[in-house]
Amino acid sequence: MTAHQLILKQRAELLAVLCGGGSAEPLDCVLDLLLACEVLVWEDYLSIRVAEKPLCSNVRQLLDMVYDKGEDACSLLLAAMSQVLPEEQKAGLCFGKECAVVGKDRPDTATLTLLADRPVLVRKLRDNIDGALNALLTTGCFTIKDCDAVQLPVYTPSQQVRKLLDQVRFKGETAAKTLLQYLEQTETTRPNPEDKENHLSANCLLYQKKLRSSVAAQSHSLSTYGGTGRFSLDDIYTDGLLEVTDGSGETLTLGLEDVVGPLGTLNEDADTVLVSGEAGSGKSTLLQRLHLLWAREALLTNTFLLFPFSCRKLNAEHRELSLKELLFLHCCWPDRGQDEVFQFILDHPNLALFTFDGLDEFKQGFTDEERHCCPTKQVPIPVLLFNLLQGTLMKGVMKVATSRPQAVGPSLKRYLRKEVLLKGFSPGGIDCFVKKHHSDPAMARRVIESLQANTVLLSLCHIPVFCWIVTKCHQELLGGQDVIPQTITDVYLLVLQHFFQRKSPQSQGVLGKAWLEEHLDTVLKLGQLALEGLETSCYVFSGYELQRNGLKEQDVSLGFLIYCNDLSVTDCKRYEFLHITLQCFFAALYVVLNRNSDRSAVSRLFQSQYRQLSSLSQRCLGHCIDSSVEEVESHVTETPNLQITAQFVSGLLSQRHHNLLLECCPIAVRERKVKQVVKSLSKGMQRHFKSIPRPVEGEKKSMHAMPSFVWLIKCIYEMQDNSIAQETMAKLDVEHLKLTYCNIGPVECTALAYVLKYLRNPVGLQLDNNSVGDVGAEQLLPCLHICHSL
Ligand SMILES: Nc1ncnc2c1ncn2[C@@H]1O[C@H](COP(=O)(O)OP(=O)(O)OP(=O)(O)O)[C@@H](O)[C@H]1O
């Protein structure tokens, strides 16, 4: 078969191997070789490698162009690919008869030499880019701006070299000569590449450099500030409160550097540290900070390689992968010596760190049923992930995972080295965050004063994501709202209003009273996308899914959806909500405002938590679990977000927002939904009350609340309806209410006080092992008259 035919016949496969990993490196290496042997001229190269186009379009254009150039060009393309691709990717492909990809005559200008030697130069300069830039800068060939353009953190070291070579070519012959002279000088001082020891560490060091630059690029800015370009992580990061309980039950406060350190270790044999915290408490941001500091060699200096994973993105990986593929495909590929780098990781597990953000977002709940320990065997992603976490695979590699507390069950807990609790901002942290956010000190002071005047809002600000919203929407806040924000629904309505206001044509003006009605169409489309996503644990959406929901460019430009900051998995644009709690809010808006939703939508939402409870009790009782278990397991991961959605639904149906919703939803439909919420809350409470055991003679009747009791209380609080709180508490007949280990912070205290103040008879309230703090204790004041002991 001719090379021509081979290219045509294997087009799909060639396309797949050149863009399958999502990295442009294989294509770039092939292009280097084709430029060197003059199959491509410079103009061809420029028209193929357009950064704005998806990688697969670049590859298709290369295949078409070379195909048009004839049989010789096709042979050289196949030979170049054979030279560049790793063995495992070449399996099953035919590259025709062997031919050498070499340059023709020795070029007579420095500029042409750079082209002819491009593949070698990329390799040589990767380790030396700073020196080369320095030489070009001191001879005046390059300006500081040129150097910055080359060293953008989003580029890998090889891409930086190619940018440098392109820029030198653009500058002309003198710059090209300077670069060649610099290389000649450094050649003599270069270590001997044949030296095994140097060679080995050089490949690993090169990979470390590439990984550091990729991690730095990914962790440099916060997605909630996406697009505004206002803040880098450095500008805004504020330390959160980190706590761990040690073996003797004592609570220790940790610094960021202690997350991976020995403090608070409970199980010396385990390698997984869990950072848990409520929605928006800053878990992803904390990991991002760790990543950035590692990339800058400012923290975790004993960690040679750090591999960051997002469980949200792992959900989208449907292939079976080996550990090696997981590491290199999802983080970055080594440019040289892949096997050697991987062997290094296997040989030195103590020098590697894996992080997994958002375990609660992973579609499948943790199980330790399938053991797997072979790093090269391909298995489904859940098997890889769970075996890494439990330490069957890659024992000795430290792992840090983050999760909402409810999503981590006892089966995973026994594999944990320690559990670090992230409790959000301290009161000082809130001040510090506001000051960082507002460069104008007078404005920062006004915001802080307004928070201090509204302690409910202040208590909300302990959760960083609420603090971010409140600070971002300071104008709406200080401008005097009809409704003073008291609940998280109020706060999210504020952010909704803020985003619409930003895009409104009369941008200086205030949105009209009917602003929600004006934007109802967009809200419903976003809401449907959000709800469908939550029900299937889907937090990342393709352009096609947006289109299917009728979302257009102008809807996206409002800013609620952002591009996924994903450099590795795919070239297609993917979107996610600015924050997952915003996805929950849109889902709630859809449940409340959609006139066509089926009548049971509200009740189903509230029932989701009982599916979790029944699945947990099934597992605890060790009953035979039938085939529906997978379905039940997946509900476990969805439940925390559906609970938040239910909380927002309660808030939106509050009488306080009646006027806002008036024109968006017929009164009769709204009333029906309100009744459904009230009924669901009452039924939920009944379940708890029924579980109260009969008191043993001589002891007080007491109830030990489950975390979902606190959730129901929070829903009642969102409704801001005294009569519901009163009716619910009228049925609670206990003398002692135990709320230990229920993740109660200042926000929960506000809700508890609102509801418990209606208790008929005095109770003893036990709140040990929560994070009440001074602000929380202050929030509890309204119910202290009825709580005779605390
Ligand atoms: N330490 C921090 N410093 C400054 N801002 C922060 C910090 N932590 C969180 N934020 C702000 O709050 C937002 C939400 O935080 P983050 O996504 O880290 O929370 P999370 O705990 O991972 O939430 P979830 O469990 O819902 O995924 C961030 O995008 C950022 O704007």
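**Exercise 1.** Find the residue that stands opposite Ser-542, and work out how its strand fits into the sheet.

*Step 1.* Look across from Ser-542: you meet Arg-574 in β10. Strands here are DSSP runs of E with at least two residues, and helices are runs of H or I with at least four, numbered from the N terminus.

*Step 2.* β10 covers residues 574-577 and pairs with β8 in the antiparallel sense over 2 bridges. Two strands count as paired if DSSP finds at least two bridges between them.

*Step 3.* Now place the 3 strands: the open, antiparallel sheet runs β8-β10-β9. β8 (541-542) and β9 (561-563) each have a single partner strand, so one side of each is left without a neighbour in the sheet.

*A note on the model.* This is a predicted model, in which local features need pLDDT of at least 70, side-chain atom pairs count only at pLDDT 80 or more, and totals for chains, interfaces and linings use all residues. Residues are numbered from 1 along each chain as its sequence is written, and side-chain values use heavy atoms, leaving out hydrogens and water.

**Exercise 2.** Describe the surroundings of the ligand.

*Step 1.* Start with the 23 residues that surround the ligand (a heavy atom within 4 Å). Thr-224 and Lys-283 are among the closest.

*Step 2.* Next, check polar contacts with the ligand (pairs of N or O atoms within 3.5 Å). A polar backbone atom of Thr-238 is 2.6 Å from a ligand nitrogen, and a backbone N or O atom of Gly-280 lies 2.9 Å from a ligand oxygen.

*Step 3.* Finally, find the helices: α16 (283-295) and α25 (464-472) each supply at least two residues of the shell.

How values were computed: A polar contact is a pair of N or O atoms within 3.5 Å; within protein, one must be able to donate a hydrogen and the other to accept it, and residues adjacent in sequence count only if both atoms are side-chain atoms.
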